[in-house]
Amino acid sequence: MSKDISKILKQIDDDIHTLTSSELKQKYLSKKGIVTELFQNIKNIPNEERKEYGIKINGLKKLVEENIELRKNDTQTSDLDEKNIDPSAPFDINTKTGKRPHILDLKGSKHPLMKELEVILDIFQRMGFDVMESKQLDDDFHMFESLNFPKGHPARDMYDTFWTEDGFVLPAHTSTMQNRALRRYGPPPIRVVLPGRCFRNEATDASHEHTFYQIEGIYVDKGISLAHMQATIKEYLEKYLETELEIKVQPSYFPFTEPDTEFVISCPFCKKKGCSTCGFSGWIELMGCGMIHPNVLTAGGIDPNKYSGFAWGVGLDRLTLIKRGITDIRKLRDGDLNFLKQL
Amino acid sequence: MKLPISSIKEYTNLDIPLEEILHIIATKIGEVEGYLSWEEMYKGIYIAEIINKEDHPDAEKLAIYKITLGKKDEIQVVAGDKTLEIGDKVAYIQPGNIVPSTYKTSEEFVIKAVKMRGILSNGMLCSERELNIGPDHTKVLKLDKGLTVGETFAKEYNLNDTVIEIENKALTNRGDLFGIIGLAREISAAKSKPFTSPEWYKGEGVGVSKESDKYSLEISNQSQALCPRYIGIVLDNVKVSQSPVWLKSILLKSGIRPINSIVDITNYLSILVGQPLHAFDYDKVVKRDPKRSDKAHITIRLAKDGETIQTLDDNLVTLDSNTLVIADSTNPIAIAGIIGGKDTEIDENTQRVILECANFDRFNVRKTSMSLGIFTDAATRFTKAQNPNQCLPVILYASQLINEISKGEIASKIVDIYPEYIEQRKISLSIKKLNAHLGTKLTKEEVLTILKNIEYKDIEEDSTDEYITVLVPSFRMDINIAEDVHEDIGRIYGYENIKPVLPKRELTAGKKNKVLSIKSEIRNILSNSGANEIDTYSFVSMDLIKKSEQDPNLAYSIKNALSPELSLMRTSLITSMLSKAQENIQRNIPTFCMYEFNLAHQKGNMDNFELPKEQWNMSLLFTTKEDILEGNPYYQVKRYMEKIFSTLNILNIEYLLVNTTSQENLPVWIKNILPTFNPKSTAYITHKGEIIGVIGEFSKTVKENFKLPNFTAGVEIDIEYLSKVERENKVVYESSKYPSINQDVTLQLPRRVEYKQIERIILDTINTRDRYATVECLDIYSKEDEKRNITVRIEIEHLEKTLSTKEFNKIVKKILVKTSKLE
């Protein structure tokens, strides 16, 4: 035992010269710290050795504590030594000409998702849509209730939603903005896209992320039909992918649309021949869409007897991965500059 | 939901090729997850008979069997089950074929003729697990003695079929599509053929409906809201047995394990129409009731907190007061709509059965299933909403099947508690509105045909061409409003038949989103200045906030976080910047500038709607471990910010040192990030007196915590404020045709005099209607602590002439007088 203690003593001696005060505290005095564990071990020491052991480990504790204090003062005094800078000056006192602040000749970059988003929003703005960005913390009303999901509705299961302890919800889809958009841009005509970050409580791997980007769109006016929905989404996708597409609309289920559909396009990469992007099916399922449910319009202050509309929600991440040849979705939010600089 | 195609044929009387069925389902019902050919799966498996049995000479646990396929042939097979006897019938896989339980998995296993401990085995005798029809893999499955030797297993078991798997998502609200009949109905309509439900399912149903007084069954429903309908019947003289092959077969194809004839019949009804049933052993219910009497008591009630039940799958489940249970006079015997109790289960000795067919509240079933973590087929079906009106026909048909298969007879009254009968809904449709909604040109006749094909009834209340009124079939719990009917019409008519048309609209332009625009402008500036944009998680760890020296109590904590690293919502962007900077330094990138636009949240910082306030911020961090820059890193980050402000023509930006500025009335988000920075080399960025950001060197501790180079500084700034700032967009000075003149001036001043004061004096002194100065700082030098020498180059442009040196000197003198007064 005493051998162990002298080993630890030596280690402390090393550490007090290299570790910061908080690291020292963490390593030795935290709940699972080395010294703390020595104290917990006291019950395993034979009675006759206990007193001596106690003295030794108390000594260790004191040594660490003293050094933490010392290191703290260290930081403080060094900060104290410094003089206030002149924040209005263009550079610091006595800086050599060549080493003054300047814009360095490095490779800059925009984030691939943001680049993609700018392209898409530009298309929609040209088509006459307004843009309103989505929220990252919202309430049950906007995420579910205003979208015709009553409390306890099984469809809520489809959205593996994160909640805060205070009962706020992290939107699992940008539809969380529909009610606000209807109220803000109403009365119709309403044409607005609602981009934003969404969250799903699911395990991450190369093709799944708990954080992703979605773009919601809504279009409300007199006499708007499912045929209009098909053509509008097709128009946007063709402009975006810069190719002509075949489209399919398939049944799906969302509480906030009626009819509820899934938008499927012919694979723009293989022209329906089948490739790895489309899973060799020739088709890519891109987004959920549908005619806005009358209850959702009513909740947004729009008379469903006078107006109708459609809505869609499309993910941005997958499109970005495909377009940029990225194989791991996690790289998008990893902040790895070696990766991001290439894009 | 699994759908065998033989069932489609049975219920639609249509012979539709597989490809077409798949297309119909995908375009009109819901996504097809896949399909499996059971014919293929059971290829090469035959019914064989044991004709000889010997012990294996070298292996105690193996037996050598001779089997025949009925053609005087004799095949030798070695098996690990020694319990088979001559005359037993078994399923035999010929060499070269795949074990069904491994079919289409990543570990497909092909049977070969191999020697087992020296004795050749020509194939394999299958256990029920290997046949994919049950859990037992310890022994060879003994088959019915009545089967034909030499025939294929698939044929004898009616498994020459293909099973389509439909994704449940599109069926979320469609309890009826969780039944084969429901799917057949829509497939038939898709082929423009009217569908008629089987007689037994229609109306009040038919079947063995002779009630009797032999046994009495007392049912009391104490929870009407959660159990809108409950029907119970006692059946007597039941002979529990194995189910006939056809029944086993349809269950297997639907993914349900056959158990015994009674349980199988209840399960069969649920796969036909979606309605789950339950069967209790009558005698067990009576005997285990603590208040013993000679009749069965059934109570539907909420459980008491802490009550327990042993479920059919042998788990002891503790219930709470939100759980609806079926109980005897005292104790729970089933969790309503989810799973039955072990104590009252049907076994081979059961003689009397209480058959239950009930309707339970879908939301409560879901809640209970989730909170108990019990996910059963019944729970799934109830969650999709079942029709209470179908309970009676279903229980009568089940009784009839029990009578046919297991001899049971109805021996009690049909106790039916259904106080609030649900009337079929009437919905009126405007054909014009329907066509406007879908973008179609359907006629009244076409619409009615589609609806009648899926068993809507036309009530000819309106005789105009414009309106129709239909009676919604009661199994369609999802149809409440006209738009719901529109969807049915759209689906069955086919979305693919609707021609896309762009909407006509007024030629108005979209409004500009100022925040998005300025983000885009800044993104352009920074990416052209060698900075890299990053996008990081909103989630951070407690540790990260602490390492940034910020207050973790300000962070919203995630109730169902994926991990401790992702358990808090970040309170500032700069925390993420710091941790990503550390990672990039570890990647050995020596110098970089990176930035992010995003939202952060601070507890207590609410917006007008009592939601956490969200404000678009930008954070930027510069660091270098190379010896390329000198002085405080603050100035390098300031250089980037100045680049942004000057490019955007944002004027009136000032920097106020944190250490010498009052901290009163700071915005929450600013106060939150201050501890991250060193107050002596950090400034508030202000615009016309408004604090809009913090820029500076990180504190020593923070740099140490993140193991960052000494030359590291950062900024966090309110982008929404900047987006609203009015920018200078007019020419201030005409440029002169006369050359400008310049002079370098060195001023010695007390250290506390800020550069901006000097700059202001120079500009104020020179700038007039026809004179314009530019000031460039050439050097800042300090030998002693309290003085600074600042050298500036002053350049003056005059609209009418080139200034003489004399005139210039006069001006400089004026400036010197003014600056000398600076203390």
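What share of the 823 residues in chain B is buried? Select the whole of chain B and colour the buried residues, that is, those with 20 or more other C-beta atoms, placed from the backbone, within 10 Å of their own: they make up 45% of the chain. This is a predicted model, in which local features need pLDDT of at least 70 and side-chain atom pairs count only at pLDDT 80 or more, while totals for chains, interfaces and linings use all residues. Residues are numbered from 1 along each chain as its sequence is written, and chains are lettered from A and ligands numbered from 1 in the order in which they are written.

Stay with chain B and show its cartoon, in which there are 23 helices and 38 strands, counted as DSSP runs (H or I of at least four residues for helices, E of at least two for strands) and numbered from the N terminus.

Next, select domain 4 (426–497) and domain 6 (741–820) of chain B, whose bounds come from an automatic or database domain assignment; their C-alpha centres lie 83 Å apart.

Now select helix 1 of chain B, residues 5–12, where the buried residues are Ile5(B), Ser7(B), Ile8(B), Tyr11(B) and Thr12(B). They lie on the same side of helix 1, because they cover an arc of only 150° around the axis, taken from the directions from the helix axis to the C-beta atoms.

Finally, select Asn13(B), just after helix 1 of chain B, and find there a positive phi of about 60°.

Terms used: A residue is buried if 20 or more other C-beta atoms lie within 10 Å of its own, exposed if 12 or fewer, and partly exposed in between; C-beta atoms are placed from the backbone.
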